[in-house]
Amino acid sequence: METKLDEIAMRVTPIGNGTVIDHIPAGQALNVLKILGIDKTTEATISVLMNVSSRRSGKKDIVKVEDRELEEDEVNKISLIAPGATINIIRGRRVVEKYTVDMPDLIVGVLRCPNPSCISNTNEPIKSQLLVKSKNPVALRCVYCEQPITEKIADYLI
Ligand SMILES: Nc1ncnc2c1ncn2[C@@H]1O[C@H](COP(=O)(O)OP(=O)(O)OP(=O)(O)O)[C@@H](O)[C@H]1O
Ligand SMILES: [Mg+2]
Ligand SMILES: [Zn+2]
């Protein structure tokens, strides 16, 4: 018998205050944790659900972080690897704000250009800049050397 999504999600103890990152494409939850700097040294309570069934997209991942609201640059990074993810801000156990992540048109200082001889990969004091040519499917291009990135975006996170 198929278990309803909400039953699965609610098996995890509800959080009082924090953030639920929902509708993450299946397989990207660990990259979201990496973006948020969550690792074995983290003391906050974190719930990670992977491959839960979703009416919208077949399978999805969910990350729940207690007592933390995300910074704009963290949300921008998440948009690169999890387009369509929703950010739910929880206060007093309830969703008080919800929005869908949106990829910026220009990504500055967040992703390394894949071209090793690009000026943004030298010792010059230049921040990487990738222009978003298409959001879905993701297609980026380096402003300096025109090198494209279309896959494995998480591998280029700085
Ligand atoms: N207090 C809480 N603790 C932990 N998770 C929560 C809490 N409240 C809501 N959630 C989770 O946050 C997400 C959004 O909750 P919401 O009630 O808006 O669900 P929804 O109506 O299915 O939203 P959507 O339309 O975005 O899928 C769900 O994954 C839900 O399980
Ligand atoms: Mg839902
Ligand atoms: Zn470049």
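**View 1. Two domains, with 26 Å between their centres, taken over C-alpha atoms.** Welcome to a predicted model, in which local features need pLDDT of at least 70, side-chain atom pairs count only at pLDDT 80 or more, and totals for chains, interfaces and linings use all residues. Residues are numbered from 1 along each chain as its sequence is written, and side-chain values use heavy atoms, leaving out hydrogens and water. The domain assignment, automatic or from a database, gives domain 1 (5-100) and domain 2 (106-156).

**View 2. Where domain 1 and domain 2 meet.** Five residues from domain 1 and six residues from domain 2 make the contact (heavy atoms within 4.5 Å). Together the domains bury about 470 Å², 80% of it on carbon and sulfur atoms; buried area is the accessible area (1.4 Å probe) that two parts lose on being put together, summed over both. On the domain 1 side, look for Lys77, Leu80 and Ile81, which supply 72% of the area that this domain buries against domain 2, more than any other three residues.

**View 3. The zinc ion (ligand 3) and its cysteines.** Cys113, Cys118, Cys142 and Cys145 each coordinate the zinc ion through SG, at 2.3 to 2.4 Å (donors are N, O and S atoms within 2.8 Å of the metal, or 3.2 Å for Na, K and Ca). The site is tetrahedral, with angles of 99 to 113 degrees among its four donor atoms (for four donors, all angles must lie between 85 and 135 degrees). Along the chain, the donors follow the spacing C-x4-C-x23-C-x2-C.

Key: Chains are lettered from A and ligands numbered from 1 in the order in which they are written. Four donors count as tetrahedral if all angles lie between 85 and 135 degrees; four count as square planar and six as octahedral if opposite donors are over 155 degrees apart and all others between 65 and 115; anything else is irregular.
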